[in-house]
Amino acid sequence: MQSQLATTPRKLPVFVFPQNITFFLDDQSSHKQVLTLYNPYDFPIRFRVLSTAPNKYKVVDPEGTIKARCCVDIVIRHISLILSNCNVIDKFRIQMQEHPTKQAIGKRDVEAKLLPGTTENAGRSTPDPEMFQQLPINEHRQQQSYALIAQNKAIDRGTNYVALIAGIVCIAGLLLPIEGEQNNRVPDCLHLSINFKLIFSFVLDCNFWLYSYEKGLYDG
């Protein structure tokens, strides 16, 4: 029994920001996105980036090692920018492994989607319920949610302003530079440590799942 427990791999939470990636067909600046992988632990870990649609993306340095209490940026480029790929949800799996054994110790999925138009007009466009018939079958729950919104525009379920403000603060904190990073546009007192970045990422993640649960979008 002791030998079996000794060989059982430990599972650790994986910290990634952002939680999802959005590309815009007509916005060239959005065709390259950055995923930040954090290692808050006192030992190095290996990582691998996998994809459900590897022919549509180019990932720079899809595997490597993150030093203890450090982070790395992963550049992802969309290389299949055609209209037929719009509104299709792909997934990237961030797989963490022990160093140097390469034994899996954690994973995290990040959704990626290509939208038509540009970043500027994305917020002004009105979703067409028929458009979501093109999404994969596992998006059936979300199709129902959008259909309900289209039929009940006058219903307002209210807004959790505390969670909203906390989310804005966390996003602002994650956008600030890391301690030791050269950035003349931001004062040194606003350079945050990796630990603060991890806290902001964790709180933002909790807010996301709480919002999804309240709105009925999380199957749990």
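## A tour of the chain, its aromatic rings and one cavity

Show the whole chain as a surface: about 14400 Å² is exposed, and carbon and sulfur atoms supply 56% of it (Shrake-Rupley method, 1.4 Å probe; for residues, only the protein chains shown count as cover). This is a predicted model, in which local features need pLDDT of at least 70 and side-chain atom pairs count only at pLDDT 80 or more, while totals for chains, interfaces and linings use all residues. Residues are numbered from 1 along each chain as its sequence is written, and side-chain values use heavy atoms, with hydrogens and water left out.

Switch to cartoon. The chain has five helices and nine strands (DSSP runs numbered from the N terminus: helices are H or I with at least four residues, strands E with at least two). Read from the N terminus, the order is α-β-β-β-β-β-β-β-β-β-α-α-α-α. Of the 220 residues, 34% count as buried (under 20% relative accessible area; exposed is over 50%, partly exposed in between, with a 1.4 Å probe and protein chains only). Among contacts (heavy atoms within 4.5 Å) between residues at least 6 apart in sequence, 63% join residues at least 24 apart.

Next, the aromatic rings. The structure holds three aromatic pairs (rings of Phe, Tyr and Trp, the last by its six-membered ring, with centres within 6.5 Å; planes under 30 degrees apart are stacked, over 60 edge-to-face, the rest tilted). Select Phe23 and Tyr57: this pair is tilted, 5.9 Å centre to centre with 40° between the planes. Phe23 sits in strand S2 (residues 20-24) and Tyr57 in strand S5 (residues 57-59), so the pair links parts of the chain 34 residues apart. Both Phe23 and Tyr57 are buried.

Now select Tyr41 and Phe43, a stacked pair because the ring centres are 5.6 Å apart and the planes lie at 10°. Tyr41 is buried, at 17% relative accessible area, whereas Phe43 is partly exposed, at 26%. Go back to Phe23 and Tyr57 and add Phe92; these three form one aromatic cluster.

Last, the cavity. The structure holds one cavity of 30 Å³ or more (on a 1 Å grid over the protein atoms alone, a set of points where a 1.4 Å probe fits but cannot get out; lining residues have an atom within 4 Å of a point). Its volume is about 40 Å³ (the space filled by probe spheres set on the points, which are joined across faces, edges and corners). Select the lining: Leu12, Pro13, Val14, Tyr38, Tyr41, Ile45, Met96, Ile105 and Gly106. By class, eight of these residues are nonpolar, one is polar and none is charged (nonpolar: Ala, Val, Leu, Ile, Met, Phe, Trp, Tyr, Cys and Pro; charged: Asp, Glu, Lys and Arg; polar: the others, Gly among them).

Notes. On a 1 Å grid over the protein atoms alone, a cavity is a set of points where a 1.4 Å probe fits but cannot get out, and a pocket is an open set with protein on both sides within 12 Å along at least five of seven lines; lining residues have an atom within 4 Å of a point.
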